[in-house]
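Colleague: I would like to go through this model with you, beginning with the ligands and moving on to single residues. Please give the reasoning before each value or name.

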Amino acid sequence: MMDNRKPYQLVSRDWKKENTVFEVNGVRIGEQRMMIAGPCAVENEEQICTITEFLSKLNIRFVRGGAYKPRTSPYSFQGLKTEGLVMLRKAADKYGMAVVTEIMSTDKVDELCEYADILQVGTRNMQNYPLLRALGKINKPVLLKRGMSSTIEEWLLAAEYLLSGGNEKVILCERGIRTFETATRNTLDLSAVALVKRLSHLPVIVDPSQATGVRDLVAPMSMAAIAAGADGLIVEVHNQPSEALSDGEQSLYLDQFAAMLEPVRRIAAVQGRQFDFDLQREPDLVL
Ligand code: PEP
Ligand code: MN
């Protein structure tokens with residue numbers, strides 16, 4: 001039944017009481033906590049292979065990496081495009097991992113569906129309505145980041161575009177919003193996580209990397225996000241952060257990322273929830 005008190009309908013808890021749960025790469029997203037990790041951008045074969053191999057040894061199931069990068073400056077590295085997608089897919093397949101990568105425009109829907117398991121819509125495109133309409137028609141999950149200056153209502157209405165188009169596999173991602181504060185890149189709105197979990201049945205994850213812009217804040221904000229009820233995290237990691245072509249200052253060193261897993265695992269356990277990297281892998285998936 002349509003509820004006239006709220007502008008969004010299908011994404012609402014009033015519409016559907018139980019959490020939305022769907023499976024990707026053996027992980028029940030929305031039920032188990034998910035950990036997505038990888039570089040901001042795919043830079044070359046060696047970089048993505050080194051990082052993916054490292055993550056696979058930690059039993060991480062989802063590797064991220066941008067091939068089409070929405071950069072604030074047109075002079076910044078824009079991503080390796082198709083070449084980057086090929087490298088990312090190859091690395092992920094080698095280690096039995098799923099690919100999360102960003103889509104910026106409708107003309108790339110077919111290509112991204114070929115290479116990615118989850119399509120990320122970035123903060124700058126949260127209100128790209130033709131793109132949302134196109135992604136409402138695909139049979140792949142969409143990770144919808146919150147616009148950096150968007151209200152929770154606008155964010156949920158953006159998700160409503162996807163669900164009303166027929167795509168119910170949507171993951172919401174809080175990645176920090178723009179405030180007066182400049183000491184951090186953005187301001188991580190953790191109250192949004194707890195609130196959206198009440199307002200909507202969709203899984204909500206947190207990106208502590210874009211949210212803070214500061215490497216040393218990523219682990220504490222990851223713990224806080226899980227404590228606030230987030231269904232997972234998407235974290236930037238790099239084998240050589242000082243050499244990264246984008247977002248090096250907020251990228252974790254590999255060992256720093258590994259050290260963060262146990263605290264977040266324990267916080268999830270307090271809530272009776274399990275992280276995907278803590279699950280046994282099917283023997284035939286182990287390479
Ligand atoms: C990213 O994940 O690298 C990214 C560009 O994210 P956002 O859209 O949140 O800025
Ligand atoms: Mn980034």
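Modeller: A residue counts as near a molecule if one of its heavy atoms lies within 4 Å of it. The model is a predicted one.

Colleague: Which residues are around ligand 1?

Modeller: With that cut-off of 4 Å, the list includes the charged residues Arg64, Lys69, Glu102, Arg124, Lys145, Arg175 and Glu236. The rest of the list is Cys40, Gln120, Gly122, Thr123 and Gln210.

Colleague: At what distance from an oxygen atom of ligand 1 is a polar side-chain atom of lysine 145?

Modeller: Polar side-chain atoms approach oxygen atoms of ligand 1 from several residues. For lysine 69 the distance from an N or O atom of the side chain is 3.0 Å, and for glutamine 120 it is 3.1 Å. For lysine 145 the distance is 2.9 Å.

Colleague: How much of ligand 1 does the protein bury?

Modeller: The space that ligand 1 takes is the largest pocket. Ligand 1 on its own exposes 300 Å². Of that area, the protein buries 97%.

Colleague: Which residues coordinate the manganese ion (ligand 2)?

Modeller: A donor must be an N, O or S atom within 2.8 Å of the metal. The coordinating atoms here lie at 2.1 to 2.4 Å, and their spacing along the chain is C-x195-E-x10-D. They are SG of Cys40, OE of Glu236 and OD of Asp247.

Colleague: How many residues apart in sequence are the parts that cysteine 40 and glutamate 236 tie together?

Modeller: Cysteine 40 is in the loop between strand 3 (34–38) and helix 1 (45–57), while glutamate 236 is in strand 10 (residues 232–236). Both cysteine 40 and glutamate 236 are buried. The pair therefore ties together parts whose separation in sequence is 196 residues.

Colleague: What is the phi of aspartate 247, roughly?

Modeller: Aspartate 247, a donor to the manganese ion (ligand 2), sits in the loop between strand 10 and helix 9. Its relative accessible area of 12% makes it buried. Although aspartate 247 is a residue other than glycine, its phi is positive, near 55°.

Colleague: Is asparagine 59 buried or exposed?

Modeller: Asparagine 59 belongs to the loop between helix 1 and strand 4 (62–64). It is not a glycine, yet it has a positive phi of about 70°. Buried means under 20% relative accessible area. At 14% relative accessibility, asparagine 59 is buried.

Colleague: The backbone oxygen of which residue lies 2.9 Å from a polar side-chain atom of asparagine 186?

Modeller: Asparagine 186 is found in the loop between strand 8 (170–174) and helix 6 (190–199), and it is buried at a relative accessible area of 4%. The partner is among the residues around ligand 1. The backbone oxygen at 2.9 Å is that of glutamine 210.

Colleague: With which side chain does histidine 238 make a polar contact of 3.2 Å?

Modeller: Histidine 238 lies in the loop between strand 10 and helix 9 (254–270). It is buried, with a relative accessible area of 3%. The contact of 3.2 Å joins its side chain to that of asparagine 239.

Colleague: What separates the C-alpha atoms of arginine 133 and proline 39?

Modeller: Arginine 133 is in helix 4 (residues 129–135) and is exposed, with a relative accessible area of 52%. Along the chain, arginine 133 and proline 39 are 94 residues apart. Their C-alpha atoms are separated by 28 Å.

Conventions. Residues are numbered from 1 along each chain as its sequence is written. Chains are lettered from A and ligands numbered from 1 in the order in which they are written. This is a predicted model: local features need pLDDT of at least 70, side-chain atom pairs count only at pLDDT 80 or more; totals for chains, interfaces and linings use all residues. Side-chain values use heavy atoms; hydrogens and water are left out. Donors are N, O and S atoms within 2.8 Å of the metal (3.2 Å for Na, K and Ca); water is not among the atoms, so sites may look incomplete. Helices (H or I, at least four residues) and strands (E, at least two) are DSSP runs, numbered from the N terminus. Buried means under 20% relative accessible area, exposed over 50%, partly exposed in between (1.4 Å probe, protein chains only). A polar contact is a pair of N or O atoms within 3.5 Å; within protein, one must be able to donate a hydrogen and the other to accept it, and residues adjacent in sequence count only if both atoms are side-chain atoms. Accessible areas come from the Shrake-Rupley method with a 1.4 Å probe; for residues, only the protein chains shown count as cover. On a 1 Å grid over the protein atoms alone, a cavity is a set of points where a 1.4 Å probe fits but cannot get out, and a pocket is an open set with protein on both sides within 12 Å along at least five of seven lines; lining residues have an atom within 4 Å of a point. A molecule sits in a cavity or pocket if more than half of its atoms lie within 2 Å of its grid points.
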